[in-house]
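Q: Could you take me slowly through one part of this model, explaining each term as it comes up?

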Amino acid sequence: MATKTKAPTPSTGAPELNTEVANRLHDPFENYYLGVLRTNDPLLLERGNGGQAFELYRDLKRDGKVFSGLQKRKLALISRPWQVDPIKPGEAGQADAAVVLAMLKSVMFDKLCGELLDALLVGFAPAEIVWTYQDGLITPARIVKRAQRRFVYVQVDPNASPELRLLTRANMLTGEAVPPKKFLVHRVNPEDDNPYGTGLGLQLYWPVFFKRKGILAWNKLNDRFGSPTPMGKYPKISGPKEKGTLLDALRAMSNDGAIIIPEGMSVEMLESKLTGSISTQKDLCAYMDNWISEVILSQEATQTTGATGAAANEREDVRLDLVQADADLLSDTLNSTLIQWFCEFNGLTPCQVSRVIKKPEDLEATSETAVSV
(Lines give C-alpha, C1' and ligand atoms only; values in the text may rest on other atoms or scores of the structure.)
Protein backbone atom coordinates (compact mmCIF):
# COMPACT_ATOMS: atom_id res chain seq x y z
CA MET A 1 0.00 0.00 0.00
CA ALA A 2 1.37 3.36 -1.02
CA THR A 3 2.21 5.70 1.81
CA LYS A 4 1.08 9.32 1.74
CA THR A 5 3.77 11.98 1.80
CA LYS A 6 3.17 14.95 4.02
CA ALA A 7 4.05 18.49 3.18
CA PRO A 8 7.22 19.55 4.97
CA THR A 9 6.59 21.36 8.21
CA PRO A 10 8.39 24.70 8.33
CA SER A 11 11.15 24.58 10.87
CA THR A 12 11.83 27.30 13.38
CA GLY A 13 13.30 30.34 11.67
CA ALA A 14 12.08 29.34 8.18
CA PRO A 15 11.50 32.28 5.81
CA GLU A 16 8.02 33.61 5.17
CA LEU A 17 6.95 32.44 1.74
CA ASN A 18 5.51 34.45 -1.17
CA THR A 19 5.67 37.82 0.55
CA GLU A 20 7.39 41.13 -0.13
CA VAL A 21 8.41 43.39 2.72
CA ALA A 22 10.06 46.34 0.96
CA ASN A 23 7.55 46.65 -1.90
CA ARG A 24 6.66 50.03 -3.38
CA LEU A 25 3.41 50.32 -1.42
CA HIS A 26 5.48 50.42 1.77
CA ASP A 27 7.88 53.07 0.46
CA PRO A 28 7.39 56.25 2.57
CA PHE A 29 8.91 58.35 -0.23
CA GLU A 30 6.51 57.06 -2.88
CA ASN A 31 3.60 59.32 -3.81
CA TYR A 32 0.72 57.29 -5.16
CA TYR A 33 -3.06 57.43 -5.10
CA LEU A 34 -5.40 54.45 -5.36
CA GLY A 35 -2.40 52.26 -6.04
CA VAL A 36 -1.31 54.15 -9.18
CA LEU A 37 2.49 54.04 -9.38
CA ARG A 38 4.56 56.85 -10.81
CA THR A 39 7.82 56.66 -12.67
CA ASN A 40 10.88 57.37 -10.55
CA ASP A 41 12.58 59.23 -13.40
CA PRO A 42 13.39 62.62 -11.77
CA LEU A 43 13.25 64.53 -15.05
CA LEU A 44 9.81 63.21 -15.99
CA LEU A 45 8.56 63.99 -12.49
CA GLU A 46 9.90 67.55 -12.74
CA ARG A 47 9.02 68.48 -16.31
CA GLY A 48 6.45 65.91 -17.37
CA ASN A 49 2.73 66.55 -17.40
CA GLY A 50 0.80 63.46 -16.37
CA GLY A 51 0.48 60.87 -19.11
CA GLN A 52 2.16 63.27 -21.54
CA ALA A 53 5.43 62.98 -19.61
CA PHE A 54 6.76 60.26 -21.91
CA GLU A 55 6.24 62.52 -24.93
CA LEU A 56 9.10 64.61 -23.52
CA TYR A 57 11.50 61.83 -24.47
CA ARG A 58 9.82 60.89 -27.74
CA ASP A 59 10.43 64.48 -28.87
CA LEU A 60 14.18 63.88 -28.56
CA LYS A 61 14.07 61.71 -31.69
CA ARG A 62 13.63 64.90 -33.71
CA ASP A 63 17.32 65.51 -33.08
CA GLY A 64 19.32 63.91 -35.89
CA LYS A 65 22.13 62.73 -33.63
CA VAL A 66 19.75 61.03 -31.22
CA PHE A 67 17.81 59.39 -34.04
CA SER A 68 21.02 58.21 -35.71
CA GLY A 69 22.41 56.73 -32.50
CA LEU A 70 19.19 54.90 -31.68
CA GLN A 71 19.01 53.57 -35.24
CA LYS A 72 22.51 52.16 -34.86
CA ARG A 73 21.48 50.36 -31.68
CA LYS A 74 18.31 48.98 -33.29
CA LEU A 75 19.71 48.01 -36.67
CA ALA A 76 22.78 46.42 -35.11
CA LEU A 77 20.42 44.06 -33.29
CA ILE A 78 17.76 43.26 -35.87
CA SER A 79 20.42 42.68 -38.55
CA ARG A 80 21.66 39.66 -36.57
CA PRO A 81 20.22 36.22 -37.32
CA TRP A 82 17.88 34.68 -34.78
CA GLN A 83 16.82 31.16 -33.93
CA VAL A 84 14.23 29.27 -31.90
CA ASP A 85 15.24 26.28 -29.78
CA PRO A 86 13.26 24.01 -27.45
CA ILE A 87 14.16 24.27 -23.78
CA LYS A 88 14.31 20.45 -23.58
CA PRO A 89 16.03 18.64 -26.49
CA GLY A 90 14.21 16.00 -28.50
CA GLU A 91 12.42 15.43 -31.79
CA ALA A 92 9.09 16.66 -30.44
CA GLY A 93 10.77 19.81 -29.15
CA GLN A 94 12.43 20.50 -32.48
CA ALA A 95 9.09 20.12 -34.28
CA ASP A 96 7.42 22.55 -31.86
CA ALA A 97 10.32 24.98 -32.25
CA ALA A 98 9.66 25.01 -35.99
CA VAL A 99 6.04 25.97 -35.28
CA VAL A 100 7.17 28.85 -33.05
CA LEU A 101 9.66 29.93 -35.70
CA ALA A 102 6.91 30.09 -38.33
CA MET A 103 4.73 32.11 -35.96
CA LEU A 104 7.47 34.68 -35.35
CA LYS A 105 8.08 35.05 -39.06
CA SER A 106 4.37 35.63 -39.65
CA VAL A 107 4.33 38.60 -37.23
CA MET A 108 7.47 40.17 -38.79
CA PHE A 109 9.72 39.42 -35.84
CA ASP A 110 12.49 41.88 -36.73
CA LYS A 111 10.00 44.73 -37.11
CA LEU A 112 8.52 43.86 -33.72
CA CYS A 113 11.96 43.88 -32.12
CA GLY A 114 12.73 47.29 -33.61
CA GLU A 115 9.51 48.73 -32.23
CA LEU A 116 10.04 47.28 -28.76
CA LEU A 117 13.53 48.77 -28.66
CA ASP A 118 11.87 52.19 -28.31
CA ALA A 119 12.10 51.30 -24.63
CA LEU A 120 15.78 52.30 -24.86
CA LEU A 121 14.74 55.94 -25.00
CA VAL A 122 11.53 56.07 -22.94
CA GLY A 123 12.03 53.20 -20.49
CA PHE A 124 9.24 50.84 -21.54
CA ALA A 125 7.38 49.92 -24.71
CA PRO A 126 3.96 48.17 -24.67
CA ALA A 127 2.56 46.16 -27.55
CA GLU A 128 -0.87 44.55 -27.98
CA ILE A 129 -1.24 41.02 -29.31
CA VAL A 130 -4.28 40.42 -31.52
CA TRP A 131 -4.89 36.69 -31.14
CA THR A 132 -6.71 34.66 -33.77
CA TYR A 133 -7.40 31.01 -34.61
CA GLN A 134 -5.71 29.79 -37.76
CA ASP A 135 -4.66 26.36 -39.06
CA GLY A 136 -5.59 24.71 -35.78
CA LEU A 137 -3.51 27.11 -33.69
CA ILE A 138 -4.20 30.10 -31.47
CA THR A 139 -1.71 32.50 -33.00
CA PRO A 140 -1.08 36.26 -33.24
CA ALA A 141 -2.77 37.83 -36.25
CA ARG A 142 -0.65 40.94 -35.62
CA ILE A 143 1.20 42.67 -32.80
CA VAL A 144 0.66 46.44 -32.53
CA LYS A 145 2.93 48.79 -30.60
CA ARG A 146 1.01 51.24 -28.41
CA ALA A 147 1.92 54.69 -27.05
CA GLN A 148 3.35 54.76 -23.53
CA ARG A 149 1.15 57.67 -22.51
CA ARG A 150 -1.95 55.46 -22.68
CA PHE A 151 -0.92 53.18 -19.79
CA VAL A 152 -0.33 53.29 -16.07
CA TYR A 153 0.69 50.69 -13.55
CA VAL A 154 -1.46 50.03 -10.51
CA GLN A 155 -0.43 47.95 -7.51
CA VAL A 156 -3.08 46.99 -4.99
CA ASP A 157 -1.74 43.68 -3.67
CA PRO A 158 1.66 44.32 -2.02
CA ASN A 159 2.77 40.76 -2.81
CA ALA A 160 1.84 40.86 -6.51
CA SER A 161 3.46 42.52 -9.48
CA PRO A 162 2.07 45.92 -10.58
CA GLU A 163 -0.84 45.57 -12.99
CA LEU A 164 -0.82 47.24 -16.39
CA ARG A 165 -3.92 49.39 -16.89
CA LEU A 166 -5.24 51.10 -20.03
CA LEU A 167 -6.26 54.74 -19.66
CA THR A 168 -9.63 55.55 -21.24
CA ARG A 169 -11.89 58.58 -21.44
CA ALA A 170 -14.06 56.98 -18.77
CA ASN A 171 -11.13 56.39 -16.41
CA MET A 172 -8.06 58.62 -16.75
CA LEU A 173 -6.77 57.92 -13.24
CA THR A 174 -6.46 54.21 -12.55
CA GLY A 175 -7.36 53.02 -16.04
CA GLU A 176 -9.18 49.85 -16.99
CA ALA A 177 -7.91 46.32 -16.52
CA VAL A 178 -6.58 44.62 -19.66
CA PRO A 179 -7.18 40.95 -20.54
CA PRO A 180 -4.48 38.51 -19.40
CA LYS A 181 -1.81 37.49 -21.92
CA LYS A 182 -2.85 40.36 -24.17
CA PHE A 183 -0.08 42.94 -23.76
CA LEU A 184 3.66 42.42 -23.71
CA VAL A 185 5.90 45.15 -22.30
CA HIS A 186 9.62 45.52 -22.84
CA ARG A 187 11.39 47.67 -20.27
CA VAL A 188 14.98 48.69 -19.60
CA ASN A 189 16.75 49.60 -16.37
CA PRO A 190 13.77 49.28 -13.99
CA GLU A 191 15.42 50.99 -11.03
CA ASP A 192 13.96 49.94 -7.68
CA ASP A 193 11.61 47.57 -9.53
CA ASN A 194 9.89 50.51 -11.19
CA PRO A 195 7.57 49.06 -13.85
CA TYR A 196 8.09 52.04 -16.17
CA GLY A 197 11.85 51.51 -16.42
CA THR A 198 14.36 54.30 -16.95
CA GLY A 199 15.35 55.14 -20.53
CA LEU A 200 18.27 56.98 -22.04
CA GLY A 201 16.07 60.07 -22.33
CA LEU A 202 17.10 60.94 -18.77
CA GLN A 203 20.71 61.43 -19.93
CA LEU A 204 19.88 62.76 -23.41
CA TYR A 205 17.43 65.54 -22.53
CA TRP A 206 19.95 68.17 -21.44
CA PRO A 207 22.54 67.76 -24.23
CA VAL A 208 19.72 68.02 -26.79
CA PHE A 209 18.30 71.05 -24.95
CA PHE A 210 21.65 72.88 -24.91
CA LYS A 211 22.39 71.87 -28.49
CA ARG A 212 19.12 73.39 -29.70
CA LYS A 213 19.88 76.61 -27.83
CA GLY A 214 23.36 76.65 -29.33
CA ILE A 215 22.07 76.15 -32.87
CA LEU A 216 19.53 78.95 -32.37
CA ALA A 217 22.27 81.33 -31.18
CA TRP A 218 24.52 80.16 -34.04
CA ASN A 219 21.85 80.96 -36.64
CA LYS A 220 21.25 84.37 -35.12
CA LEU A 221 24.97 85.05 -35.29
CA ASN A 222 25.10 84.01 -38.94
CA ASP A 223 22.09 86.18 -39.78
CA ARG A 224 23.62 89.14 -38.01
CA PHE A 225 27.16 89.02 -39.33
CA GLY A 226 26.79 86.90 -42.45
CA SER A 227 25.58 89.81 -44.56
CA PRO A 228 25.74 93.62 -44.13
CA THR A 229 22.85 95.57 -42.70
CA PRO A 230 21.72 98.36 -45.07
CA MET A 231 21.54 101.84 -43.62
CA GLY A 232 19.89 104.89 -45.21
CA LYS A 233 19.99 108.57 -44.34
CA TYR A 234 17.09 110.95 -44.84
CA PRO A 235 17.12 114.76 -44.81
CA LYS A 236 16.04 116.45 -41.61
CA ILE A 237 13.04 117.98 -43.38
CA SER A 238 11.68 114.58 -44.41
CA GLY A 239 8.20 113.66 -43.24
CA PRO A 240 6.75 110.28 -42.18
CA LYS A 241 5.90 109.42 -45.80
CA GLU A 242 9.47 109.95 -47.03
CA LYS A 243 10.89 108.03 -44.06
CA GLY A 244 8.54 105.11 -44.74
CA THR A 245 9.50 105.04 -48.42
CA LEU A 246 13.20 104.88 -47.48
CA LEU A 247 12.64 102.15 -44.92
CA ASP A 248 10.59 100.05 -47.37
CA ALA A 249 13.38 100.32 -49.91
CA LEU A 250 15.97 99.16 -47.41
CA ARG A 251 13.79 96.26 -46.24
CA ALA A 252 13.48 95.11 -49.83
CA MET A 253 17.27 94.78 -49.86
CA SER A 254 17.54 92.64 -46.70
CA ASN A 255 15.46 90.00 -44.93
CA ASP A 256 17.20 90.54 -41.61
CA GLY A 257 16.63 94.22 -40.93
CA ALA A 258 17.43 97.78 -41.91
CA ILE A 259 18.34 101.06 -40.24
CA ILE A 260 17.33 104.64 -41.08
CA ILE A 261 18.75 107.71 -39.37
CA PRO A 262 18.52 111.49 -39.94
CA GLU A 263 21.22 112.96 -42.13
CA GLY A 264 24.10 114.20 -40.05
CA MET A 265 23.66 111.59 -37.27
CA SER A 266 25.97 108.57 -36.74
CA VAL A 267 25.49 105.00 -35.57
CA GLU A 268 28.20 102.92 -33.95
CA MET A 269 28.36 99.21 -33.15
CA LEU A 270 30.14 97.99 -30.02
CA GLU A 271 32.13 95.02 -31.23
CA SER A 272 33.35 92.08 -29.16
CA LYS A 273 37.05 92.12 -28.24
CA LEU A 274 37.37 88.47 -29.38
CA THR A 275 39.89 88.03 -32.17
CA GLY A 276 39.85 85.43 -34.91
CA SER A 277 36.84 83.38 -35.94
CA ILE A 278 33.97 83.01 -33.49
CA SER A 279 33.30 79.27 -33.01
CA THR A 280 31.74 79.17 -29.55
CA GLN A 281 28.33 77.96 -30.78
CA LYS A 282 29.89 75.44 -33.16
CA ASP A 283 32.08 74.01 -30.39
CA LEU A 284 29.06 73.79 -28.07
CA CYS A 285 27.03 71.83 -30.64
CA ALA A 286 29.97 69.49 -31.35
CA TYR A 287 30.43 68.88 -27.63
CA MET A 288 26.76 68.07 -27.20
CA ASP A 289 26.87 65.71 -30.19
CA ASN A 290 29.75 63.84 -28.56
CA TRP A 291 27.81 63.70 -25.32
CA ILE A 292 24.76 62.26 -27.12
CA SER A 293 26.87 59.69 -28.96
CA GLU A 294 28.60 58.55 -25.79
CA VAL A 295 25.30 58.12 -23.95
CA ILE A 296 23.73 56.00 -26.72
CA LEU A 297 26.76 54.10 -28.04
CA SER A 298 29.05 54.25 -24.99
CA GLN A 299 31.79 55.85 -27.10
CA GLU A 300 32.48 59.33 -28.41
CA ALA A 301 31.67 60.16 -32.02
CA THR A 302 34.97 62.00 -32.50
CA GLN A 303 36.82 58.72 -32.19
CA THR A 304 34.85 56.82 -34.80
CA THR A 305 37.20 57.78 -37.65
CA GLY A 306 40.81 56.84 -37.97
CA ALA A 307 40.68 54.20 -35.24
CA THR A 308 43.11 51.38 -35.96
CA GLY A 309 44.65 48.44 -34.18
CA ALA A 310 43.81 48.04 -30.51
CA ALA A 311 41.52 51.12 -30.50
CA ALA A 312 39.41 49.74 -33.33
CA ASN A 313 39.15 46.35 -31.64
CA GLU A 314 38.11 48.00 -28.39
CA ARG A 315 35.38 49.96 -30.14
CA GLU A 316 34.17 46.81 -31.86
CA ASP A 317 34.06 44.96 -28.53
CA VAL A 318 32.01 47.74 -26.94
CA ARG A 319 29.58 47.68 -29.87
CA LEU A 320 29.18 43.91 -29.63
CA ASP A 321 28.61 44.14 -25.88
CA LEU A 322 25.78 46.60 -26.45
CA VAL A 323 24.20 44.43 -29.14
CA GLN A 324 24.50 41.33 -26.96
CA ALA A 325 22.95 43.07 -23.95
CA ASP A 326 20.07 44.51 -25.99
CA ALA A 327 19.44 41.12 -27.61
CA ASP A 328 19.49 39.22 -24.32
CA LEU A 329 17.12 41.61 -22.55
CA LEU A 330 14.69 41.69 -25.46
CA SER A 331 14.78 37.89 -25.82
CA ASP A 332 14.01 37.54 -22.11
CA THR A 333 10.93 39.73 -22.55
CA LEU A 334 9.67 37.80 -25.58
CA ASN A 335 10.41 34.39 -24.10
CA SER A 336 8.50 35.15 -20.91
CA THR A 337 5.48 36.63 -22.71
CA LEU A 338 4.68 36.07 -26.38
CA ILE A 339 6.49 32.75 -26.89
CA GLN A 340 5.48 31.30 -23.52
CA TRP A 341 1.82 32.22 -24.08
CA PHE A 342 1.83 30.82 -27.62
CA CYS A 343 3.26 27.51 -26.39
CA GLU A 344 0.76 27.31 -23.50
CA PHE A 345 -2.25 28.05 -25.72
CA ASN A 346 -1.30 25.32 -28.20
CA GLY A 347 0.21 22.70 -25.88
CA LEU A 348 3.69 23.03 -27.39
CA THR A 349 7.02 22.24 -25.82
CA PRO A 350 8.41 25.40 -24.16
CA CYS A 351 10.75 27.18 -26.57
CA GLN A 352 12.92 30.27 -26.54
CA VAL A 353 14.25 32.68 -29.13
CA SER A 354 17.78 34.08 -29.19
CA ARG A 355 20.01 36.20 -31.40
CA VAL A 356 23.32 34.97 -32.77
CA ILE A 357 25.83 37.65 -31.82
CA LYS A 358 29.44 37.11 -32.76
CA LYS A 359 32.36 39.13 -34.02
CA PRO A 360 32.76 39.11 -37.81
CA GLU A 361 35.55 36.88 -39.02
CA ASP A 362 38.72 38.69 -40.04
CA LEU A 363 38.96 37.50 -43.64
CA GLU A 364 42.33 39.15 -44.23
CA ALA A 365 43.92 37.41 -41.24
CA THR A 366 42.33 34.11 -42.27
CA SER A 367 43.65 34.39 -45.81
CA GLU A 368 47.16 35.21 -44.58
CA THR A 369 47.07 32.18 -42.28
CA ALA A 370 45.94 29.94 -45.12
CA VAL A 371 48.73 31.22 -47.40
CA SER A 372 51.38 30.68 -44.71
CA VAL A 373 50.20 27.11 -44.20
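A: What follows is a close look at one helix, with some other features of the chain after it.

This is a predicted model, in which local features need pLDDT of at least 70 and side-chain atom pairs count only at pLDDT 80 or more, while totals for chains, interfaces and linings use all residues. Residues are numbered from 1 along each chain as its sequence is written, and side-chain values use heavy atoms, with hydrogens and water left out.

Helices (H or I, at least four residues) and strands (E, at least two) are DSSP runs, numbered from the N terminus. Helix H3 covers residues 64-78, has 15 residues and reaches 21 Å from its first C-alpha to its last, which is close to the 21 Å expected at 1.5 Å a residue; the expected span is 1.5 Å times one less than the number of residues. At the N-terminal end of H3, Asp63 acts as a cap, with a side-chain oxygen 3.0 Å from the backbone nitrogen of Lys65.

Buried means under 20% relative accessible area, exposed over 50%, and partly exposed in between (1.4 Å probe, protein chains only). In H3 the buried residues are Val66, Gly69, Leu70, Arg73, Lys74, Ala76 and Leu77. They cover an arc of only 165 degrees around the axis, so they lie on the same side of H3, the arc being that of the directions from the helix axis to the C-beta atoms.

Elsewhere, an open sheet is formed by 4 strands in the order E1-E5-E6-E7, with antiparallel pairing; two strands pair if DSSP finds at least two bridges between them. Strands E1 (36-37) and E7 (176-177) stand at the edges, each with a single partner strand, so one side of each has no neighbour in the sheet. Between E1 and E5 (residues 151-154) there are 2 bridges, and Leu37 stands opposite Tyr153 in E5.

Tyr153 also belongs to a cluster that ring pairs form with Phe54, Phe124 and Tyr196. Rings of Phe, Tyr and Trp (its six-membered ring) pair if their centres lie within 6.5 Å, and planes under 30 degrees apart count as stacked, over 60 as edge-to-face and the rest as tilted.

Finally, the structure holds 0 disulfides, a disulfide being a pair of cysteine sulfur atoms within 2.5 Å. Cys343 is in no disulfide, as its nearest cysteine sulfur, that of Cys351, is 4.6 Å away, which is too far for a bond. Cys343 is buried at a relative accessible area of 4%, and Cys351 is buried at 5%.

How values were computed: Polar contact = N/O pair within 3.5 Å; in protein donor to acceptor, adjacent residues only side chain to side chain.
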